[in-house]
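Q: Please pick one part of this model and take me through it slowly, then show me what sits around it. I'm new to this, so explain the terms as you go.

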Amino acid sequence: MYVLSLAALIEEAAADVRNQTGNIRALNELLRPENLRRLREFARAYCFLAFHSRDVEVADYVRAGTLADDSGPDVLVLFTLDEPAPIAVPVGADSLRSWVDLDVGVHPSYRMVRALFDGRPMPPLPGLVVLDDLAEECEALYLPLGELDNERAVRQRLRRVLALIGHVSATAKPGKYLDDLGLELYRQGIEHVRTDRISAREWLLRAFDTTRANLGDIVTTIGLTGLAS
């Protein structure tokens, strides 16, 4: 499985001419709402898979390489990688190991989820964050994954959830996506928590700062959008 920095993906999505991109610009310029909105042309739904390298069940699932197939063509799944990915880099059996000793309190994934629950009790990690939008102020749903005790269970849960996300994002009325998704998750007995409203742009800027401070990147699988593939 190959992944690419979200920053590189946004730059390419925002370019006037496809595949004619230059160096990654300053993040506060790159993550402007009009650039983030261009991602809507390539994905209907956005998620962030939050896990530490020591969350071995989820880490092993990502290393196994089925995430791109499990998420499908319409769901963009982000996660933190422990190396920069300005160009496509492979994720395999030896990946996601350099942060294994990084304290939970400073791990980028954990800090990103904590920011969604500022002033509220933080749910257990690892988990999946489902965002309403990337370009606007939005809410999110958080689905804990910590009760899953092996890679197979993680794969089964995420395949089920990501398929549901893809379906609901295609059928929900404007402004009702998270409401409809939350209802379907409740009907299927899948635990989830709704966050307060946040600025997705500010959240991403802070997330990139934290991740790059630890010599890593925020990445997504490539091939689902047709960009950089």
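A: Two strands pair if DSSP finds at least two bridges between them; strands (E, at least two residues) and helices (H or I, at least four) are DSSP runs, numbered from the N terminus. Let's look at the sheet, starting with β2 (45-50). Five bridges join β2 to β5 (residues 127-131), and the two strands run antiparallel. Within that pair, Y46 faces L131 of β5.

A quick word on where this comes from: the model is predicted, so local features need pLDDT of at least 70 and side-chain atom pairs count only at pLDDT 80 or more, while totals for chains, interfaces and linings use all residues. Residues are numbered from 1 along each chain as its sequence is written, and side-chain values use heavy atoms, with hydrogens and water left out.

Now zoom out from β2. The strand belongs to an open sheet of eight strands with mixed pairing, in the order β4-β1-β10-β3-β2-β5-β7-β8. At the edges are β4 (89-90) and β8 (193-194), each of which pairs on one side only. Helix α8 (residues 177-187) packs on the sheet and touches β2, β5, β7 (140-144) and β8. Contact here means heavy atoms within 4.5 Å. The direction of α8 makes about 25° with that of β7; axes are lines fitted to C-alpha atoms, for helices over the stretch in contact, and angles run from 0 to 180 degrees between N-to-C directions.

Move along to β1 (residues 2-5), which is joined to β4 by two bridges, running antiparallel. Three bridges tie β1 to β10 (residues 217-221), again antiparallel. V3 is a handy residue to click on: it stands opposite V89 in β4, and its bridge partner in β10 is T221. In a regular strand the side chains alternate between the two faces of the sheet.

Just before β10 there's a little surprise. L215 sits in the loop between α9 (200-213) and β10, and its phi is positive, about 65°, although it is not a glycine. Most residues other than glycine have a negative phi, and most peptide bonds are trans. L215 counts as exposed because its relative accessibility is 64% (exposed is over 50% relative accessible area, buried under 20%, partly exposed in between, with a 1.4 Å probe and protein chains only). L96, in the loop between β4 and α6, also has a positive phi, near 65°. This leucine, L96, has a relative accessible area of 3%, so it is buried. As for peptide bonds, the one from L125 to P126 is cis, with omega near 5°, and P126 lies in the loop between α6 and β5.

Back to β2 and its surroundings. In helix α4 (residues 56-64), V58, A59, Y61, V62 and R63 are buried. Their cover includes β2, α5 (67-71), β3 (75-81) and α7 (151-171). Just after α4, G65 takes a positive phi of about 90°. T66 follows in the loop between α4 and α5, and with 18% relative accessible area it counts as buried. Beyond residues up to four places away in sequence, T66 touches Y61, R155 and R159.

One more buried spot is P108, in helix α6 (residues 108-116). Its relative accessible area is 0%, which is why it counts as buried. Leaving aside neighbours within four places in sequence, P108 is in contact with T80, W99, L102, T210, T211 and N214.

Some of these names come back in the largest cavity, whose lining is F51, H52, S53, T80, D82, L96, W99 and H107. A cavity is a set of points on a 1 Å grid over the protein atoms alone, where a 1.4 Å probe fits but cannot get out; lining residues have an atom within 4 Å of a point. About 40 Å³ of space lies inside, counted as the space filled by probe spheres set on the points, which are joined across faces, edges and corners.

Terms used:
1 Å grid on protein atoms, 1.4 Å probe; cavity = no way out; pocket = protein on both sides within 12 Å on 5 of 7 lines; lining within 4 Å.
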